[in-house]
Amino acid sequence: MAEKVNNFPPLPKFIPLKPCFYQNFEDEIPIDHRNLVKKIYHLWIFYCITLVMNLIACLAWWIGGGYGVNFGLAILWLLIFSPCSYVCWFQPVYKAFRSDSSFNFMAFFFIFGAQFVLTVIQAIGISGWGVCGWLSTITFFPTNVGAAVVMLLPAIMFSISAVLMAIVLLRVHKIYRGAGGSFQKAQNEWSTGTWKNPPTREAQYNNFSGNSLPEYPTVPNYPTGNQWP
């Protein structure tokens with residue numbers, strides 16, 4: 001089997017940095033859950049695009065008469081939440097479906113649940129938090145209609161992200177509980193240390209196929225002539 005080479009994020013060759021992760025939906029994710037994991041990946045991309053739009057809207061907010069601190073915080077949220085959301089909740093759910101890891105499922109539920117609550121707060125849009133949500137957008141309409149219209153887009157996108165996150169959280173939990181997952185299994189993985197390096201689908205298949213067929217150390221000695229009973 002060829003050695004797996006990290007392929008994410010896909011960086012141009014002229015950048016002296018190398019990809020940090022390996023992901024391959026076709027080879028590592030079971031076909032029953034492959035579509036769901038891809039949708040979670042697309043949700044992560046959509047959330048990152050939402051943070052970019054929030055940055056643009058905060059700039060319009062600042063130009064239209066708002067506070068520059070919102071633009072500075074929007075830059076910070078984009079730089080922090082884009083990579084951290086991939087590492088902290090997409091990678092756990094990817095590993096969970098790849099190797100049926102209860103520990104990674106629990107990590108996903110905990111961190112993704114916190115992400116969902118944060119996204120709801122971002123959709124609400126408390127002024128001074130560096131997000132263009134509903135409250136900050138609606139209250140800015142009397143000041144500058146043009147900037148408020150731009151601010152309306154990330155407010156809608158944050159709301160869509162929150163709804164999609166709730167749906168994903170319920171679907172993954174239903175699959176996990178339906179497969180017999182529990183907090184006790186996650187504790188067992190933690191105590192045994194198997195969560196650090198869970199077996200991949202290829203390793204499980206190789207172990208099964210390698211030990212499932214009998215092997216003859218020598219050629220069987222069949223009776224000849226009339227020696228058959």
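**View 1. Contacts around F108.** Leaving aside neighbours within four places in sequence, F108 is in contact (heavy atoms within 4.5 Å) with W89, P92, V93, G113, V168, L169 and V172. This is a predicted model: local features need pLDDT of at least 70, side-chain atom pairs count only at pLDDT 80 or more, and totals for chains, interfaces and linings use all residues. Residues are numbered from 1 along each chain as its sequence is written, and side-chain values use heavy atoms, with hydrogens and water left out.

**View 2. The largest nonpolar core.** A nonpolar core is a set of buried Ala, Val, Leu, Ile, Met, Phe, Trp, Tyr and Cys residues joined through side-chain atoms within 4.5 Å. The largest one here has 43 residues. Which members touch the most others? They are I40, F90, F97, F108 and V172. Four elements each give two or more residues to this core: α2 (31-63), α3 (68-99), α4 (102-124) and α6 (145-178). The largest share comes from α2, with 14 residues. F108, the centre of View 1, thus appears again here as one of the residues that touch the most other members.

**View 3. The whole chain as helices.** Helices (H or I, at least four residues) and strands (E, at least two) are DSSP runs, numbered from the N terminus. The chain comes to eight helices and zero strands. From the N terminus on, the order is α-α-α-α-α-α-α-α. The chain has 229 residues, and 36% of them are buried (under 20% relative accessible area; exposed is over 50%, partly exposed in between; 1.4 Å probe, protein chains only). Among contacts with a separation of 6 or more, 68% join residues 24 or more positions apart.

**View 4. Helix α2, end to end.** This helix has 33 residues. Its first and last C-alpha atoms are 49 Å apart, close to the 48 Å expected at 1.5 Å a residue (1.5 Å times one less than the number of residues). After α2 comes G65, whose phi is positive, near 120°.

**View 5. Helix α6 and its start.** How far apart are the end C-alpha atoms of α6? They are 50 Å apart, which agrees with the 50 Å that 34 residues should span at 1.5 Å a residue. At the start of this helix, a side-chain oxygen of N144 reaches to within 3.2 Å of the backbone nitrogen of G146.

**View 6. The annotated transmembrane spans.** An unreviewed UniProt entry carries the annotation "transmembrane region" for residues 43-63, 69-90, 102-125 and 145-170. Such annotations may be inferred rather than shown by experiment. Residues 43-63 are 100% helix and 0% strand, and their end C-alpha atoms lie 30 Å apart. Residues 102-125 are 96% helix and 0% strand, with the end C-alpha atoms 35 Å apart.

**View 7. Q23 and its surroundings.** Q23 sits in the segment before α1 (25-28). Is Q23 buried or exposed? At 10% relative accessibility, Q23 counts as buried. Its side chain makes a polar contact with the side chain of Y86, at 2.7 Å. A polar contact is a pair of N or O atoms within 3.5 Å; within protein, one must be able to donate a hydrogen and the other to accept it, and residues adjacent in sequence count only if both atoms are side-chain atoms. Not counting residues up to four places away in sequence, Q23 touches N7, F8, E28, Y41, Y86, F90, Q91 and Y94.

**View 8. The salt bridges at E28.** A salt bridge is a side-chain nitrogen of Lys or Arg within 4 Å of a carboxyl oxygen of Asp or Glu. The structure holds four. In one of them, the side chains of K4 and E28 meet at 2.8 Å, N to O. K4 lies in the segment before α1 and E28 in helix α1, so the pair ties together parts that are 24 residues apart in sequence. K4 is partly exposed at 32% relative accessibility, whereas E28 is buried, with a relative accessible area of 1%. E28 also forms a salt bridge with R98, the closest N and O atoms being 4.0 Å apart. This pair links distant parts of the chain: R98 in helix α3 and E28 in helix α1, 70 residues apart. Both R98 and E28 are buried. Shared partners join K4, E28 and R98 into one network of salt bridges.

**View 9. A salt bridge between α1 and α2.** K38 pairs with E26 in a salt bridge, with the closest N and O atoms 2.8 Å apart. K38 lies in helix α2 and E26 in helix α1, so the pair ties together parts that are twelve residues apart in sequence. K38 counts as partly exposed at 26% relative accessibility. E26 counts as partly exposed at 43%.
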